[in-house]
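Student: I'm new to this one. Could you pick a single part and take me through it closely?

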Amino acid sequence: MASVRELIDKLEKNRHLDREEWQEVLTGYTEDDRRYAADKARAVSLGIYGNKVFIRGIVEFSNICKNDCYYCGIRRSNSEAQRYRLTADEILECCEEGYGLGFRTFVLQSGEDRGFSTQLLCETVRRIKAEYPDCAVTLSVGELETDEYRALRAAGADRYLLRHETADKAHYGKLHPVEMSWDNRMRCLGDLKKLGYQTGAGIMVGSPYQTAECIAEDMLFFERFRPEMIGIGPFLPHKDTPFRDREKGSYELTLFLLSLCRLLLPNVLLPATTALGTIRPDGREQGILSGANVIMPNLSPEAVRRKYMLYDNKVGTDTEAKKSVDEIRKRMAAIGYEVVVTRGDYNDKACDIR
Ligand code: 5AD
């Protein structure tokens, strides 16, 4: 059997490993192997995107959710969560502030809130696109019907984030109540791709019951599906969920997986996630140095920010948008990277901003 290093080299060269090879990498890696992969991934990222970091402003416009995912702090059964829903006008105010701060992508994220209709969301997207024609709109509002995805795309939405959570159907069943279906999640992801969204999939690292087999399956899924974006962060327990007493995910494995994703899909848009910045104070910097190229600061109004808690101790919830962007610019400068004011689209050739 090849060593982990040889397999990392092979991944870089062929952009493919088979299931057994992924297993070997995921079960046999050392801290040295992780650093080796990070150095390679960083070089690949520098070659394609240069030392540029894209920022996306997230507007968490509703924490009302019809779902009951066992891991998530805004699950329906969490009666401790104080629920809120912004109006379209409030969302536009967030965008106005964000535009001034240099954001050219707005991510509208929410729980699966049936009270914020797809029609209203379409109108909101149209208003944002009319007001800011130079900006991209990303949606992250969960599972919808095909026609709803089509309507939102027609309204001008450019991108969509929907983590698949796990490519292993049995594992999916252990993270979600029976009424949620892995098949429907996959249907959604397929729809999004077909409709021409730049599509994001992703996982939590170290979610309960996750095994190396599950992650190997996720890597095979990424290779097959070719998402334009991949969201990967550590699982972090939330005190008012059934998984409150579970172990948090591994910081090092999260960094390692970011690097492996960069090597597998060199052009992928890869955020250093808020969860990574929560598990370690310099998590996002280390994410960028491991091959990530996107950071997604919070633009939600301060009055609601503490209420959008998917996990405990989320970073950035006490900081106003301006301060957190300034801080991110500084932190990126300190590691030799520059936050840029562009839409930062996926580019399957190379990037035009270098
Ligand atoms: N820890 C880490 N990530 C979480 N998410 C939800 N709950 C948690 C948690 N406790 C992630 C899920 C979801 C995304 C919006 O946030 O992967 O898709």
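Tutor: Sure. One term before we start: two residues are in contact when they have heavy atoms within 4.5 Å. Keep in mind, too, that this is a predicted model.

Let's look at helix 10, which covers residues 251-264, and begin with its meeting with helix 2, residues 19-28. On the helix 2 side, Trp-22, Val-25 and Leu-26 do the touching, and they meet Phe-256, Leu-257, Leu-260 and Leu-264 of helix 10. Sort the residues of that contact by class and you get 7 nonpolar, no polar and no charged. As for how the two helices are laid out, their axes come within 12 Å and cross at roughly 150 degrees. Angles over 145 degrees count as roughly antiparallel, so helix 2 is roughly antiparallel to helix 10. The crossing of this pair is right-handed.

Now for helix 9, residues 212-225, whose axis comes within 11 Å of the helix 10 axis and crosses it at roughly 30 degrees. The cut-off for roughly parallel is under 35 degrees, so helix 9 and helix 10 are roughly parallel to each other. Here, too, the crossing is right-handed. From helix 9, the residues taking part are Ile-215, Met-219, Phe-222 and Glu-223, and their partners in helix 10 are Leu-253, Leu-257, Leu-260, Cys-261 and Leu-264. This contact has 8 nonpolar, no polar and 1 charged residues.

Put the two contacts together and you'll spot some repeated names: Leu-257, Leu-260 and Leu-264 of helix 10 take part in the contact with helix 2 and also in the one with helix 9.

How values were computed: Residues numbered from 1 in each chain as written. Predicted model: local features only at pLDDT ≥ 70, side-chain atom pairs only at ≥ 80, totals over all residues. Heavy atoms only, no water. Axes fitted to C-alpha atoms, helices over the stretch in contact; angles between N-to-C directions. Helix = DSSP H or I, 4+ residues; strand = E, 2+ residues; numbered from the N terminus. Parallel < 35°, antiparallel > 145°, perpendicular 65-115°, else oblique. Left-handed = near helix turned anticlockwise from the far one by under 90°. Nonpolar A, V, L, I, M, F, W, Y, C, P; charged D, E, K, R; others polar.
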